[in-house]
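Trainee: Could you take me closely through the aromatic contacts in this model, with some care about where the rings sit and how they are oriented?

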Amino acid sequence: MNLTSLDPSEPTEQHTIEASFGLLQLCLQQLTAFAPVASAAQLLELIPDIPLAAKQLILVELIKYDLAAAAQRMPVEESAHLGGLTRSLEFYWPIVAELLPAEKIPLDLILEEVQLRRCAGEEPQWNDYQQRFPDLAETIGKWLAADTNLEAAPEERDVSQLPEFPLDSIVDDFRILKLLGEGAFARVYLAQQLSMQRLVALKASTRGSEEPQALSQLDHANIVRVYDQREIEQRGSRLPTAMLLYMQYLPGGSLADCIQLLRTTPVEVQGGGIVLQSINRNLLAANQSVPEHSTVRAELAARSWPETVAWIGIQLADGLGYASERGVLHRDVKPANILLSAEAIPKLVDFNVSCSGLSGRAGAAAYFGGSLAYMSPEQLRVADPTDALTADKLDGRSDLYALGMVLWELWQGQRPWTLIDLAANWTEAVTLQQRLRTQPIVARQPALTPTERVLEKVLRSLLEIDPQQRPQTGKETAARLRLALHPELATRFEPSPSSLAGRLLKIPVLLLSAVVIFGPNTAASIFNYDYNYRRMLELQSVPNILSDFKFVANWVNGVVYPLGAVLFLWIMFPIVRIVYRSQRGVVASQSEISKLWNIGNQATLICGILWAVSGMVFAVTFATMHGEFGYSEAIHFFLSLVLCGGVAWVYPYFGMTLLALLIYYPRVIAPAMSDPGFPQRCQRVRQHSRWYLLSAAAIPLTAVGALVFRHDLPKTLILAGVCVTALGLLASFFAHQKLEETLRQFEQVLTSHDSQRRI
């Protein structure tokens, strides 16, 4: 890009705010060769013929830069001896007044002088600025009174000319091979590190950085590896020293290249191949070979575009989460800062660890101008000179917001909001972006598939203004995005109202659970009553045995069913509470999730105890009331209830466990999308399910065998028992298979994976 690349005769849409910041970088590069200027007219000569607002933006930033350069050229001791800075804003007026009248001086330009005076050992006075800038007197007074103390360290105020190395020259331990890119404060070269015989990306600047020290602790597959930083002397150059930061070299280009290619690709043919096509172009341009056999590339090529976006987002969220857990924020997540390996693995680069110059200082616009469109609302507050929020108040959720902006642009081909209005200064540029964040987001391409619906919901949650409403960690974000790669599981988290899950969610938890638990038990109770009533008919010679049977049955049922109802409410009320709270976005605790997973066992245990107690009460009561009712009959009576109970209590386990895991569990973990205890719970459920499946086969078959030996029973009753047993066993088998399938799906979302394997 050069200074004439934006033709004023082109449509206004070409003169975007990003283009203005791009021109600013080029102007600053020219200014570094001779700053500070001898006359303000030299600054005007650097500005090309572009719209007025863009001219004003560039002029303000050039003045900031020149002020800082003038302050740097004067030692602090000399500055103190002369009573402060020898150059103030009045140096530039009235020469620049035609382009930028004095009454339109922005606040951030005034604050630049304030901070430079502080660095020079002065204490700016309120009365002085009240007289010089009456229109901004009140706002400036608040800053001076607050004593914000935003002094920049000397190395952060270094505005010297950038180091420049000839191709094929040897600098320290590096052979310079190619210029990869340059900005206002650094040049990046492709170099060969001679001692290690490896290719590296070598960033050359005049300023030190906290980046190597902060990032040396990070070892993650989705973060570009920073090796080290060196300071070298430059003989024969006006620059006494240069800082060399060398890092992992990735020849596959950046996500910005992918987005540019996406915009020229028809929607109907968009897919993972776009990423590979962009990477291949960059590999060929860098004389690097394209991998011939790559499982990752092959599987990525087969993915749809929404799946590709989700796949990239999973890895970037994991990388940001990993860094945030170690106290490192990126603060500058944007497509250009996400590089791609030849294997299509996205990696974060250019962590803005020190966050220097963020609040409108000299160089901030050149460094962060193109990043404003991706900043979170709270980071824009930090960038706003009129806001007291400081960079140390930001946390990982700010990076996740920026990630949401990047992924939305990657998915839709454009950012959630488009800004074509030009800003005349840094403060105005920040304000325009802050206003945009409050506007509704309208997707250019509607979400039609489950994958797209999940992806859109996650991205909208990342773009919430309130950080509390966003996913709280990178791990949570990655888990939410993994749902997009599993459409069937995604429908469990977001079922359509017409689906079975959607209908079941409309039924009250207590009512649905009562049907699942008491349905099989009621059917078994009716069958058992009929079976034993027929047995009592055979003993009619015993006086009053039928009437006593009915009396005891009514008495036992009158006690057992209310007791069962009480126990049912005792185990189900916590589940109702958990489900209700999750619908309001409350994160469930690990103990609450365990209760939900264990509800099948609790229901089964209660049913089994009630059946056993009923059988014992029946047997003991009849043996006591009728001496003719011998022990063999009592035992037979007891076993009949136990076997019926055994049949009945198996099915509530599978029914309640399926209900809990397929219907309620997705809702319960959705607010945090995290369950640290999932692996252990998953293992226990698998063990329990195998035992219950075995019980579902053994107990009913034992009961049927007992029926066969009862020659007095109708064949239809025996046949009905066989059919019910077969159907129950088949249902238990399918329930067991469904549980296993569901657990495997949840594992894809809730279990940590190595980034290299997330395909």
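Mentor: In this predicted model, F518 has a relative accessibility of 24% and therefore counts as partly exposed, whereas F568, at 8% relative accessibility, counts as buried. These two residues form an aromatic pair that is tilted, with 5.4 Å from centre to centre and 55 degrees between the planes; the angle falls short of edge-to-face because that class begins over 60 degrees. F518 belongs to helix α21 (residues 509-538) and F568 to helix α22 (residues 545-583), so their contact ties together parts that are 50 residues apart in sequence.

A second pair, formed by Y665 and F746, is edge-to-face, its ring centres being 5.1 Å apart and its planes standing at 85 degrees to each other. Here the two partners come from helix α25 (residues 631-669), which holds Y665, and helix α27 (residues 715-750), which holds F746, so the pair ties together parts that are 81 residues apart in sequence. As for accessibility, Y665 is buried with a relative accessible area of 0%, and F746 is likewise buried, with a relative accessible area of 0%.

The Y665 and F746 rings also belong to a wider group, since F493, W597, Y665, F678 and F746 form one aromatic cluster. For the structure as a whole, the number of aromatic pairs is 13, and the two described above, F518 with F568 and Y665 with F746, are among them.

Aromatic rings also meet charged side chains in this model, and two such contacts deserve a place beside the ring pairs. The charged end of R87 sits over the ring of F91, at 3.8 Å from the ring centre, and the ring of Y322 has the charged end of R326 over it, 3.7 Å from its centre.

To finish with the cysteines, the count of disulfides in the model is zero. C27 counts as buried, its relative accessibility being 0%, and C682 also counts as buried at 0% relative accessibility.

For the strands, one may look at an open sheet of six, which follows the order β1-β2-β3-β4-β6-β5 with antiparallel pairing. Its edges are β1 (170-171) and β5 (226-233), each of which pairs on one side only. The partner of β5 is β6 (residues 241-248), the two running antiparallel and being joined by seven bridges, and within this pairing I232 stands opposite A242 in β6.

How values were computed: Residues numbered from 1 in each chain as written. Predicted model: local features only at pLDDT ≥ 70, side-chain atom pairs only at ≥ 80, totals over all residues. Heavy atoms only, no water. Phe/Tyr/Trp six-rings, centres within 6.5 Å; stacked < 30°, edge-to-face > 60°. Helix = DSSP H or I, 4+ residues; strand = E, 2+ residues; numbered from the N terminus. Buried < 20%, exposed > 50% of the residue type's maximum accessible area, 1.4 Å probe, protein only. Lys NZ or Arg CZ within 6 Å of the ring centre and 35° of its normal. Disulfide = S-S within 2.5 Å. Pairing = 2+ DSSP bridges.
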